[in-house]
Amino acid sequence: MNELKIISWNCNGIKNKTPELTAFIKENKTDIILLGETHLNPRDKLTIPNYYTYRTDRPKPANCPTTGGTAILIRRNIPHHYLVLPTEMDSTSIQIKLNNNTAQITSVYKSPRTKLHQKDLDTLTKHDGPFLIAGDLNSKHPTWNSRQTNTSGRKLLQHSESNNYIVIAPDSPTHFPYNGKHQPDVLDIALINLPSINYTLTNHNDLSSDHNPIQLNIQASPISRNPPKTSNKINWTKFKNELSQIKISNVRTPQEIDHKIDELTNNIKTQLENSTYTVEPKLNKSHLPAEITLEIETKRLLRKMWQTTRDPKTKKLYNAPITFVKKLLTDHRQSEWDAFVQTLNFKDKSLYKLNHCLLHKKPANTPLQTTHGRKIFEDDEKAELFADTMEDQFTNNPGENIQEAVDTYTEINRDKTPSQEFITPKQISNIINKLPNGKAP
């Protein structure tokens with residue numbers, strides 16, 4: 001993995017948009033997704049295959065719909081660490097290893113009706129290393145291509161200049177209000193501190209929300225888990241037949257024994273290699289049918305037309321394929337699952353393998369932390385940390401020897417316990433044999 005692909009999207013409610021989000025990140029091979037305004041309750045689920053999910057749900061007010069909330073989805077093969085950073089605005093944070101540095105990534109959302117607090121900015125940007133904070137902060141300033149300036153924008157610009165980071169955004173609008181009387185503007189931005197790391201920013205005209213998803217491609221490689229080892233299998237029937245053809249001549253002198261042993265060993269190794277073959281991994285790369293791809297392209301075209309013209313008639317035309325594409329994606333995913341289930345059977349143990357995978361999912365690969373606060377991601381460094389910790393635990397406490405304790409220890413070791421107080425293995429066996437059947441000893 002030579003490039004880290006991050007998507008930041010104010011989804012304006014994610015519950016009924018996971019099918020199209022899944023298709024979008026699969027098409028763009030996204031590594032990390034930063035979501036804003038998720039509108040989720042704690043009982044709501046947010047799961048996408050092959051991604052870990054971390055959420056910050058805003059408490060639901062009485063007799064009011066759920067608002068706000070943020071989430072981060074990260075690929076399972078990227079080691080990471082979930083962070084809890086106390087902020088007034090909605091935020092979710094993780095840490096990953098990026099070019100041998102611990103990088104902090106945060107998804108944020110601030111309502112336009114709330115103030116941007118400096119202490120929140122201090123909390124999110126005080127990380128000692130690279131960081132990326134992306135989302136809808138409702139902070140406007142021409143420095144990052146907004147049409148106008150507001151109080152939050154001026155405060156954010158001042159804070160960035162004082163703390164050595166920059167604010168970036170696309171050069172085209174990212175927010176298109178549903179109300180045609182309001183003009184589009186740039187609201188989705190990113191606060192970054194990525195020294196010596198190149199990046200590109202893309203404004204995608206896609207997905208069903210009043211905000212466009214923003215893609216940030218970072219030219220750096222996160223430390224990911226090792227790829228699966230090559231699976232080799234042995235054709236034991238072929239191996240048996242090949243071994244049966246090996247002929248061993250009689251040994252006439254003791255000097256020939258070592259030579260014959262080496263010769264037989266080499267023959268066995270050669271036949272084993274000849275009988276071994278590599279099993280190609282099954283690549284689960286399913287592509288969307290052409291009819292679904294065509295409908296998605298049509299939806300994107302109508303979305304672009306509406307964003308350009310702001311014509312209510314075009315908006316009505318655009319609303320129709322939104323629901324239709326969601327239904328197509330949901331039905332396609334269900335049909336793929338049904339087809340996969342039909343291939344499972346008891347003979348090749350595929351049913352048991354699926355059950356084992358579902359019941360024994362691997363947890364996120366989180367780093368360890370040293371006494372100095374440094375995060376450790378590498379396995380070798382983790383082993384050294386365990387060794388140092390065990391060495392410290394089993395090291396004698398510093399200080400002078402206490403004579404009373406020394407005398408007690410010597411007296412205990414000098415006394416010998418009578419042998420009749422011990423029990424022999426034979427006595428234990430007799431006790432177990434006399435127990436009733438089915439009774440645990």
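Which residues does UniProt list for "domain: Endonuclease/exonuclease/phosphatase"? The unreviewed entry gives residues 7-193. Keep in mind as you explore these views that the model is predicted.

**View 1. The stretch listed in the UniProt entry, residues 7-193.**
Over residues 7-193, helix makes up 17% of the chain and strand makes up 31%. If you look for the two ends of this stretch, you will find their C-alpha atoms 17 Å apart.

**View 2. An open sheet built from 6 strands.**
Follow the strands across the sheet and you meet them in the order 5-6-7-8-10-9, with mixed pairing. At the edges stand strand 5 (80-83) and strand 9 (166-168). Each of these has a single partner strand, so one side of each is left without a neighbour in the sheet. On average, neighbouring strands here are turned by 20° against each other, direction ignored.

**View 3. Strand 10 and its two partners, strand 8 and strand 9.**
Strand 10 covers residues 188-193, and 5 of its 6 residues are buried, so it counts as mostly covered. With strand 8 (residues 131-136), strand 10 pairs in the antiparallel sense over 6 bridges. Look here for Gly135, which stands opposite Ile189 of strand 10. The pairing of strand 10 with strand 9 is also antiparallel and runs over 3 bridges. Here Val167 has Leu191 as its bridge partner.

**View 4. The largest nonpolar core, with its 24 residues.**
Which members of this core touch the most other members? They are Ile32, Ile96, Leu132 and Ile218. Strand 6 (residues 90-98) supplies the largest share of the core, with 3 residues. A second, separate core has 19 residues, among them Val108, Phe131, Leu157 and Val167.

**View 5. The surroundings of Leu132, a member of the largest core.**
Let us set aside the neighbours of Leu132 within four places in sequence. Leu132 is then in contact with Ile6, Leu34, Gln104, Ile105, Thr106, Leu191, Ile192, Leu216 and Ile218. You may recognise Ile218 from the view of the largest core, and Leu191 as the bridge partner of Val167.

**View 6. Helix 1 (residues 18-28), a mostly covered helix.**
How many of the 11 residues of helix 1 are buried? The count is 8, and these residues are Thr18, Glu20, Leu21, Thr22, Ala23, Phe24, Ile25 and Asn28. Their cover includes strand 1 (4-10), strand 2 (32-36), strand 3 (51-56) and strand 12 (214-218). Helix 6 (290-309) and helix 7 (312-342) also help to cover them.

**View 7. Helix 1 crossing helix 7.**
The axes of these two helices come within 8 Å and cross at roughly 75°. Helix 1 and helix 7 are therefore roughly perpendicular to each other. Where they meet, look for Pro19, Glu20 and Ala23 in helix 1, and for Lys326, Leu329 and Thr330 in helix 7.

**View 8. Two loop residues with positive phi, Lys29 and Ser196.**
Lys29 comes just after helix 1, in the loop that leads to strand 2. Its phi is near 55°, a positive value in a residue other than glycine. Is Lys29 buried or exposed? Lys29 is exposed, with a relative accessible area of 58%. Ser196 lies in another loop, between strand 10 and strand 11 (199-203). Phi of Ser196 is near 65°, again positive in a residue other than glycine. With 82% relative accessibility, Ser196 counts as exposed.

Note on methods:
Residues are numbered from 1 along each chain as its sequence is written. This is a predicted model: local features need pLDDT of at least 70, side-chain atom pairs count only at pLDDT 80 or more; totals for chains, interfaces and linings use all residues. Side-chain values use heavy atoms; hydrogens and water are left out. A nonpolar core is a set of buried Ala, Val, Leu, Ile, Met, Phe, Trp, Tyr and Cys residues joined through side-chain atoms within 4.5 Å. Buried means under 20% relative accessible area, exposed over 50%, partly exposed in between (1.4 Å probe, protein chains only). Helices (H or I, at least four residues) and strands (E, at least two) are DSSP runs, numbered from the N terminus. Contact means heavy atoms within 4.5 Å. Two strands pair if DSSP finds at least two bridges between them. Axes are lines fitted to C-alpha atoms, for helices over the stretch in contact, and angles run from 0 to 180 degrees between N-to-C directions. UniProt positions are given in the numbering used here, feature names are shortened, and annotations may be inferred rather than shown by experiment. Angles under 35 degrees count as roughly parallel, over 145 as roughly antiparallel, 65 to 115 as roughly perpendicular and the rest as oblique.
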